[in-house]
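Trainee: I have a new structure to read. Where do we begin?
Mentor: Let us bring it up and take one feature at a time.

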Amino acid sequence: MTVKIAPSILSADFARLGEEVKAIDEAGCDYIHIDVMDGHFVPNLTFGPPIIKCIRSWTDKPFDVHLMIDPAQVYLEEYAAAGADIITVHAEADKHLDRSLQVIKGLGKKCGVSLNPSTPESALEYVIDQLDMVLVMSVNPGFGGQSFLTSQLDKISRIKAMAGDRPIDLMVDGGVNSGTIKSVVDAGANAVVAGSAVFKGDDYKATIGALRNAL
Ligand code: DX5
Ligand code: ZN
């Protein structure tokens, strides 16, 4: 199985964001993972639709937009218009997850649900048929460079079983590096986010290659 690698531009050089996106594209990434934070749902603030729009022309790879914002539902149209291909909302945000997913689908985009480390996989039970992606947080969201929470491995396996043969990307986000990627994939993930692990060196092809080689 080929594992999809989605570098998180949270760890990129924001002053050269367009070039950084182009560089990870040329280094062979599968998705561009875009961490949107509002300083309310998570204790950190990043960027919103105008910046996503600015970097859209630097790559044709899918924009995997991870919304760590609450509310999210009222902004979905703006993120779709800015160039998102996959829009992931948190199960813990807003009050009406099913409606958020319907809105994303109605905008013609793929939809995902993310679960914080303390949220059980049962939160997916009644929406799983609508999903294109499940994003399991293996750190508490808000910052790059945190340590992988091994407590999430069990959850990944259970979600893999729940998903069955549905065509859902099971992506893991947080603390994924060449030392942890194998455990995540062995548990059932087919996609990973990697922020600091990719951007720590200057040669992104080498850092993405190191992740693939660790499998
Ligand atoms: C955390 C973000 C992650 C983060 C991952 O809130 O959702 O995408 O950038 O960074 P690393 O790979 O450094 O843990
Ligand atoms: Zn993320």
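Trainee: How much area does the protein chain expose, and what share do carbon and sulfur atoms supply?
Mentor: Accessible areas come from the Shrake-Rupley method with a 1.4 Å probe, and for residues only the protein chains shown count as cover. Here the protein chain exposes about 9500 Å². Carbon and sulfur atoms supply 50% of that. Note that this is a predicted model, where local features need pLDDT of at least 70, side-chain atom pairs count only at pLDDT 80 or more, and totals for chains, interfaces and linings use all residues. Residues are numbered from 1 along each chain as its sequence is written, and side-chain values use heavy atoms, with hydrogens and water left out.

Trainee: What share of the residues is buried?
Mentor: Buried means under 20% relative accessible area, with a 1.4 Å probe and protein chains only. Of the 215 residues, 53% are buried.

Trainee: Where does Thr 59 sit?
Mentor: Helices (H or I, at least four residues) and strands (E, at least two) are DSSP runs, numbered from the N terminus. Thr 59 lies in the loop between helix H2 (49-55) and strand E3 (63-68).

Trainee: Is Thr 59 buried or exposed?
Mentor: Thr 59 counts as buried, because its relative accessibility is 5%.

Trainee: Which residues does Thr 59 contact?
Mentor: Contact means heavy atoms within 4.5 Å. Leaving aside neighbours within four places in sequence, Thr 59 touches Val 21, Asp 25 and Ile 32. The Thr 59 side chain also reaches the backbone nitrogen of Lys 61 at 2.9 Å.

How values were computed:
Chains lettered and ligands numbered in written order. Buried < 20%, exposed > 50% of the residue type's maximum accessible area, 1.4 Å probe, protein only. Polar contact = N/O pair within 3.5 Å; in protein donor to acceptor, adjacent residues only side chain to side chain.
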